[in-house]
Amino acid sequence: MKKYYSIIRQKADAYTNRIIRLYKYLTEQKREYILSKQILRSGTSIGANVVESQNAQSPADWINKLNIALKEADETRFWLEKLCVGNYITKYQFDSMTEDNDEIIKILTSIIKTKKLKLGLY
């Protein structure tokens, strides 16, 4: 499990950095302040919850933190779609950010399912 945790930690950290750069681009270049704030909150929350899970008080708390990260990744995808539809980001930017986001979703889903199976919660 530690191997997968290390992978998600690295992916979430890199994605958080991309989200921060996207926020700066949206506010400085596109002068977009509402949607950019939303994606900054949800996108950085993914990594924050992954890190927070390291100090979980129980396996259930650990799963909960990763579930929150998963929900935030879903929300981030929603905001990416809105930014693309609103022509604040290009299709290329959308595809690139979404590809990374979808990978994080898949990894989180796999980790959560594996842990729940080990705990007999499925």
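A residue counts as buried under 20% relative accessible area, as exposed over 50%, and as partly exposed in between. In this predicted model, Phe78 has a relative accessibility of 38% and therefore falls in the partly exposed class, whereas Trp79, at 15%, counts as buried. One aromatic pair is found in the structure, and Phe78 and Trp79 form this pair, with ring centres 4.9 Å apart and planes at 75 degrees, so that the arrangement is classed as edge-to-face. The assignment follows because planes over 60 degrees apart count as edge-to-face. A further ring is involved in a contact of another kind, in that Lys115 lies over the face of Trp62, at a distance of 5.5 Å from the ring centre.

The search for salt bridges across the whole structure returns seven. Among them is the pair Arg77 and Glu81, whose side chains meet with an N to O distance of 2.6 Å; both residues are located in helix α3, where a separation of four residues corresponds to about one turn of the helix. Arg77 is partly exposed, with 26% relative accessibility, and Glu81 is likewise assigned as partly exposed, at 30%. Arg77 also takes part in a salt bridge with Asp102, for which the closest N and O atoms are 3.2 Å apart. This second pair connects distant parts of the chain, since Asp102 belongs to helix α4 and Arg77 to helix α3, with their positions 25 residues apart in sequence. For Asp102 the relative accessible area is 26%, and this residue is therefore partly exposed.

A salt bridge is also formed in helix α3 by Asp61 and Lys65, with an N to O distance of 3.8 Å between their side chains. These two residues are again four residues apart, about one turn of the helix, and the helix itself spans residues 59-85. Both Asp61 and Lys65 are buried. Together with Glu52, the residues Asp61 and Lys65 are linked in a network of salt bridges.

With regard to nonpolar packing, the largest nonpolar core comprises 30 residues, and those with the most contacts inside it are Ile39, Leu80, Ile89 and Leu108. Four helices, α1 (2-28), α2 (34-53), α3 and α4, each supply at least two residues of this core, and the greatest contribution comes from α3, with 10 residues. Such an arrangement may be read against a general tendency: in soluble globular proteins, nonpolar side chains tend to be buried together. When residues up to four places away in sequence are not counted, Ile39 touches Ile19, Leu22, Leu26, Thr44, Thr76, Trp79, Leu80 and Leu83. The set of residues touched by Ile39 thus includes Trp79, the buried member of the aromatic pair described above.

Ile104 offers a further view of packing around helix α4, which spans residues 91-118 and contains this residue. With a relative accessible area of 1%, Ile104 is buried, because this value lies under the 20% limit. Apart from neighbours within four places in sequence, the residues in contact with Ile104 are Ile8, Lys11, Ala12, Tyr15 and Ile46. One of these contacts, that with Tyr15, joins positions that are 89 residues apart in sequence, while the C-alpha to C-alpha distance in space is 8.8 Å.

Conventions:
Residues numbered from 1 in each chain as written. Predicted model: local features only at pLDDT ≥ 70, side-chain atom pairs only at ≥ 80, totals over all residues. Heavy atoms only, no water. Buried < 20%, exposed > 50% of the residue type's maximum accessible area, 1.4 Å probe, protein only. Contact = heavy atoms within 4.5 Å. Salt bridge = Lys/Arg side-chain N within 4 Å of Asp/Glu carboxyl O. Phe/Tyr/Trp six-rings, centres within 6.5 Å; stacked < 30°, edge-to-face > 60°. Lys NZ or Arg CZ within 6 Å of the ring centre and 35° of its normal. Core = buried A, V, L, I, M, F, W, Y, C linked by side-chain atoms within 4.5 Å.
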